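Work through these exercises with the model open. Try each task before you read its solution.

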Amino acid sequence: MLLDNGSEFDVIIVGGGMVGAAQVLAFCQQHKRVLLLEKNLPKSEWLEKPPLRVSAVNLCSEEYLNELGLWQHLSAEHMCVFNHLSTWEKEASALAKQKLTFSAQDINKSHLGYLIRNEALQMAAFEQFKQLSNPPVISSAELVAIDQDGLTTEQDKVIVRLQEKDVQTQLKSHLVIGADGANSRVRQLLNIGLSGWDYQQHCFSITIKTNFPMQDITWQEFQPSGPKAFLPLSDGMASLIWYDSADIIKQLKQMSPLALKQKVLDVFPPLAGDFEVVQHASFPLTRRQAKSYVDGRAVLIGDAAHTINPLAGQGVNLGYKDVAELSQQLDGIDLTDNSSLTKALQKYQTKRKTESLVMSGAMDSFYTLFSNDKTVLKFVRRGLLNVANKLPWAKKQVLMKAVGY
Ligand SMILES: Cc1cc2nc3c(=O)[nH]c(=O)nc-3n(C[C@H](O)[C@H](O)[C@H](O)COP(=O)(O)OP(=O)(O)OC[C@H]3O[C@@H](n4cnc5c(N)ncnc54)[C@H](O)[C@@H]3O)c2cc1C
């Protein structure tokens with residue numbers, strides 16, 4: 001362990017994934033003394049392998065990541081711009097078939113967003129650490145306790161206990177941030193409960209190497225078995241997202257690349273050319289909301305606070321908004337002053353919980369409406385697509401929300 005027992009910080013951030021690492025940057029910009037605990041430090045070798053986990057980063061997040069100085073470290077080979085977003089329903093009769101396409105020009109923007117490798121986003125933040133105060137990062141020690149009961153701690157501090165082999169170290173901080181993902185240890189140590197459920201469908205992500213030029217469109221076809229989506233990546237690569245039952249995904253996972261390619265040809269709409277399957281991975285779909293995002297001097301952000309259906313690729317964008325809001329609320333606040341800190345954290349919680357609940361609800365309505373074969377719902381969704389296509393104003397509102405405004 002590199003730190004002395006009793007070392008003090010303004011903020012200890014647990015988890016340096018895409019969201020936690022961005023939070024480090026935001027607090028360093030405010031000259032807070034930050035310590036990051038990340039158990040799995042990013043390595044450049046990660047980017048030598050073909051992409052597997054990618055995120056659609058919207059315009060609002062791009063703007064914020066630029067402010068944080070992170071964007072400049074992203075290399076073109078790990079990102080792909082998209083200008084159009086298209087969705088339709090399979091097997092709609094020719095008469096009823098509606099394709100809904102959103103384009104950057106609908107909202108007078110140059111593009112709608114970028115598809116970026118998750119590892120590249122995380123590493124870009126770590127790169128920017130060097131240009132700020134290069135905050136200490138600990139990876140070898142395990143978080144074992146967070147103590148803020150007032151009996152063992154000073155009123156304006158939290159005690160964070162770390163364990164490395166048989167050595168325990170006790171650190172002090174004004175604030176602890178849980179950015180440690182969906183299975184957050186911080187959330188567990190604080191005894192914050194969860195609400196939510198597991199969706200019946202799972203998500204299967206297939207990376208393909210294509211022989212066709214880079215696309216600037218991402219599309220999603222809704223099928224009764226679940227959506228099938230295409231995400232363009234750089235360097236002739238693309239990601240195919242296949243939502244289906246856990247049983248079907250289990251079968252797909254066992255297939256050879258050639259057999260899987262044939263399945264894709266059978267089930268997906270035609271792609272723009274030939275391709276080969278490079279790799280794949282599956283993910284369960286869960287919806288989770290932490291009952292509270294704040295407990296005393298501890299705060300949850302990103303997936304530690306909420307996970308949503310990835311249908312519209314909003315998860316990490318919500319996380320970046322958490323970072324922006326928390327940083328704004330804490331800018332200039334005296335962290336030793338319980339009253340102003342509590343007020344700021346409550347504002348953070350109210351704003352972010354509301355947006356995350358609204359977004360989760362919207363994803364669920366969309367998911368139920370489109371991944372369903374019930375006749376009534378068929379009428380409703382066709383009606384909606386029709387209305388959206390005929391009302392440019394409504395279409396614009398949906399698109400502005402999708403790009404984060
Ligand atoms: C299939 C799929 C597709 C998705 N597509 C999109 C998309 O297109 N767009 C989008 O916006 N979102 C998308 N998401 C959601 C997005 O991936 C998540 O919202 C995002 O990864 C959350 O980032 P995070 O930093 O909060 O958590 P994580 O990425 O889980 O990072 C948590 C970090 O904490 C570290 N950690 C955990 N426990 C500890 C500990 N005890 N001590 C120290 N470190 C710890 C981990 O090593 C990790 O680095 C998708 C999700 C899925 C499942």
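## Exercise 1: The chain as a whole

Of the 405 residues in the chain, 53% count as buried. The model is predicted.

**Task.** Work out how compact the chain is for its 405 residues.

**Solution.**
- Start with the secondary structure: the chain has 10 helices and 19 strands.
- Now take the radius of gyration, which is 22 Å. The globule rule gives 22 Å for 405 residues, so the chain is as compact as a globular protein of that length.
- Add the dimensions. The C-alpha trace spans about 70 × 40 × 40 Å along its principal axes.
- Check the contacts with a separation of 6 or more. Residues 24 or more positions apart make up 73% of them.

## Exercise 2: Surface and charge

**Task.** Find what share of the accessible surface belongs to carbon and sulfur atoms. Then state how far apart the mean positions of the positive and negative charges are.

**Solution.**
- The accessible surface is about 18,400 Å². Carbon and sulfur atoms hold 52% of that surface.
- The chain carries 42 positive and 42 negative charges. Their mean positions lie 7 Å apart.

## Exercise 3: The nonpolar cores

**Task.** Identify the residues with the most contacts inside the largest nonpolar core, and the helix that gives the largest share of this core.

**Solution.**
- Recall the general trend: in soluble globular proteins, nonpolar side chains tend to be buried together.
- The largest core here has 71 residues. Those with the most contacts inside it are I13, L74, I116, L121, I177, L326 and L330.
- Helix α1, residues 18-29, supplies the largest share of this core, with 9 residues.
- Zoom in on L74. Beyond its neighbours within four places in sequence, L74 contacts M79, I116, A120, L121 and A124.
- Another core lies apart from the largest one. This other core has 27 residues, including F82, F222, I241 and L311.

## Exercise 4: Three residues in helices

**Task.** Decide whether Q23, N317 and K261 are buried or exposed. Then list their contacts, leaving out residues up to four places away in sequence.

**Solution.**
- The cut-off for buried is under 20% relative accessible area.
- Q23 lies in helix α1. Its relative accessible area is 0%, so Q23 is buried. Q23 contacts I13, I301, V323, L326 and S327.
- N317 sits in helix α7, residues 315-330. At 4% relative accessible area, N317 is buried. Its contacts are A56, V57, N58 and S61.
- K261 belongs to helix α6, residues 257-267. Its value is 17%, so K261 counts as buried. K261 touches D274, F275 and V277.
- Follow one of these pairs. K261 and F275 are 14 residues apart in sequence, and their C-alpha atoms are 8.0 Å apart.

## Exercise 5: Positive phi in two loops

**Task.** Place N134 and D235 in their loops. Then classify each by exposure.

**Solution.**
- Most residues other than glycine have a negative phi.
- N134 is not a glycine, yet its phi is positive, about 45°. N134 falls in the loop between α3 (118-129) and β8 (137-138).
- D235 also has a positive phi, near 60°. D235 is in the loop between β14 (228-232) and β15 (237-245).
- Exposed means over 50% relative accessible area. D235 has 59%, so D235 is exposed. N134 has 48%, so N134 counts as partly exposed.

How values were computed: Residues are numbered from 1 along each chain as its sequence is written. This is a predicted model: local features need pLDDT of at least 70, side-chain atom pairs count only at pLDDT 80 or more; totals for chains, interfaces and linings use all residues. Side-chain values use heavy atoms; hydrogens and water are left out. Helices (H or I, at least four residues) and strands (E, at least two) are DSSP runs, numbered from the N terminus. The radius of gyration is taken over C-alpha atoms; the globule rule is 2.2 Å times the number of residues to the power 0.38. Buried means under 20% relative accessible area, exposed over 50%, partly exposed in between (1.4 Å probe, protein chains only). Contact means heavy atoms within 4.5 Å. Accessible areas come from the Shrake-Rupley method with a 1.4 Å probe; for residues, only the protein chains shown count as cover. Lys and Arg count as positive and Asp and Glu as negative; His and the chain ends are not counted. The place of a charge is taken as NZ of Lys, CZ of Arg, CG of Asp or CD of Glu. A nonpolar core is a set of buried Ala, Val, Leu, Ile, Met, Phe, Trp, Tyr and Cys residues joined through side-chain atoms within 4.5 Å.
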